[in-house]
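Open the model in your viewer and keep the selection tool at hand. The stops below go from the surface to the interior and back out again.

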Amino acid sequence: MTVSWALDSELNTLKQVHNVPANRNSEDVKAARVAFAQYMCEDGIHQPLVYVDETGYNLYTCRTYGRAPRGQPVNRIVAGQRGSNVTLIAAIYNLAGLFYYEIHVTSVTKEVLKNFVTSLESVLGPEASVILMDNAPCHAEIEQEFEDRVIKKLPPNLS
């Protein structure tokens, strides 16, 4: 207790520990961030940008609060399953907003993403545009599949 009082008097407080990756700000990661920023400032700003990402959603939604007479609990009878998961893959165009999406009952794999980008190409047409993605595992090596399109990955964040 004496140690705690001494630390408090020095304005040190007890906080939750957060793990930070060792290479979060390594020279390679910083160089990748600088290269991406330079590309966006020099070339990317002059082209239409299409942001592609995916997100999962569970279809089981319900209210967490209810009304009941004082002293009685609010009970809900539920099945054992919590609902199915769906994944939304969306493309957002910087000039028009959300303009193409697909909903999948499966998780997004490289093959699913490849099919999405193929469909996206038909929607975009021959117009030159930059497709921006994050570094999700399913996005790995997608650039090799579509060499005629400019596909850029966001620099590593490692947070």
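Select Tyr51, Leu88, Ile92, Leu98, Tyr101 and Ile103: in this predicted model they make a nonpolar surface patch of about 590 Å². Colour the selection by strand. Strand E2 and strand E3 (97-104) each supply at least two residues of the patch, and E3 gives the most, with 3 residues. Now pick out Ile92, which is placed in strand E2. Ile92 counts as partly exposed because its relative accessibility is 41%.

**Strand pairing**

Stay with E2 and add E1. The two strands pair in the antiparallel sense over 9 bridges. For one point of register, select Val52: its bridge partner in E2 is Ala91.

Next, show E4 alongside E1. These two run parallel and are joined by 3 bridges. Leu49 stands opposite Val130 in E4. Val130 also leads onward, since it stands opposite Val150 in E5. E4 and E5 run parallel, joined by 4 bridges.

Which side chains of strand E5 are buried, and which are not? Select residues 150-153 and look along the strand. Ile151 and Lys153 point to one face and are buried, whereas Val150 and Lys152 point to the other face and are not. Such alternation between the two faces of the sheet is what a regular strand shows.

**The interior**

Hide the surface and select Val50, Val52, Ala91, Phe116, Leu120, Ile131 and Met133. Among the 20 residues of the largest nonpolar core, these touch the most other members. Where does this core draw its residues from? Strand E1 (49-58), strand E2 (85-93), helix H3 (110-124) and strand E4 (130-133) each supply at least two. H3 provides the largest share, 6 residues. In soluble globular proteins, nonpolar side chains tend to be buried together.

Centre the view on Phe116. Beyond its neighbours within four places in sequence, Phe116 is in contact with Val52, Ile89, Ala90, Ala91, Tyr100, Tyr101 and Glu102. Of these contacts, Val52 and Ala91 are the bridge partners already visited, and Tyr101 belongs to the surface patch.

Apart from the largest core lies another, of 6 residues. To find this second core, select Phe36, Tyr39, Leu49 and Leu132, which are among its members. Leu49 is the residue seen earlier opposite Val130.

**Salt bridges**

Show the charged side chains. How many salt bridges does the structure hold? There are 3. Side chains of opposite charge can pair when their charged atoms come close.

Begin with Lys114 and Glu145, whose side chains meet at 3.4 Å, N to O. This pair links distant parts of the chain: Lys114 is in helix H3 and Glu145 in helix H4, 31 residues apart. Lys114 counts as partly exposed, at 29% relative accessibility. Glu145 is partly exposed too, with a relative accessible area of 45%.

Move to Glu121 and Arg149, which form a salt bridge at 3.5 Å, N to O. Glu121 lies in helix H3 and Arg149 in the loop between H4 and E5, so this pair ties together parts that are 28 residues apart in sequence. Both Glu121 and Arg149 are buried.

Then select Lys153 and Glu143, whose side chains meet in a salt bridge at 3.3 Å, N to O. Because Lys153 lies in strand E5 and Glu143 in helix H4, the pair ties together parts that are 10 residues apart in sequence. Lys153, already met on the buried face of E5, has 18% relative accessibility and therefore counts as buried. Glu143 is partly exposed, with a relative accessible area of 25%.

**The loop between E4 and H4**

Finish in the loop between E4 and helix H4 (142-145), where Glu141 is found. What is the sign of phi at Glu141? The angle is positive, about 60°, although Glu141 is not a glycine. Most residues other than glycine have a negative phi. Glu141 counts as exposed because its relative accessibility is 55%, where the cut-off for exposed is over 50%.

Pro137 is found in the loop between E4 and H4 as well. With a relative accessible area of 71%, Pro137 is exposed. For a last distance check, add Thr109: its C-alpha atom and that of Pro137 are separated by 8.4 Å, with the two residues 28 apart along the chain.

Terms used
Residues are numbered from 1 along each chain as its sequence is written. This is a predicted model: local features need pLDDT of at least 70, side-chain atom pairs count only at pLDDT 80 or more; totals for chains, interfaces and linings use all residues. Side-chain values use heavy atoms; hydrogens and water are left out. A nonpolar core is a set of buried Ala, Val, Leu, Ile, Met, Phe, Trp, Tyr and Cys residues joined through side-chain atoms within 4.5 Å. Buried means under 20% relative accessible area, exposed over 50%, partly exposed in between (1.4 Å probe, protein chains only). Contact means heavy atoms within 4.5 Å. Two strands pair if DSSP finds at least two bridges between them. Patches are made of residues with over 30% relative accessible area and no salt bridge: like charges are joined within 9 Å, nonpolar side chains (Val, Leu, Ile, Met, Phe, Trp, Tyr) within 5 Å. Accessible areas come from the Shrake-Rupley method with a 1.4 Å probe; for residues, only the protein chains shown count as cover. A salt bridge is a side-chain nitrogen of Lys or Arg within 4 Å of a carboxyl oxygen of Asp or Glu.
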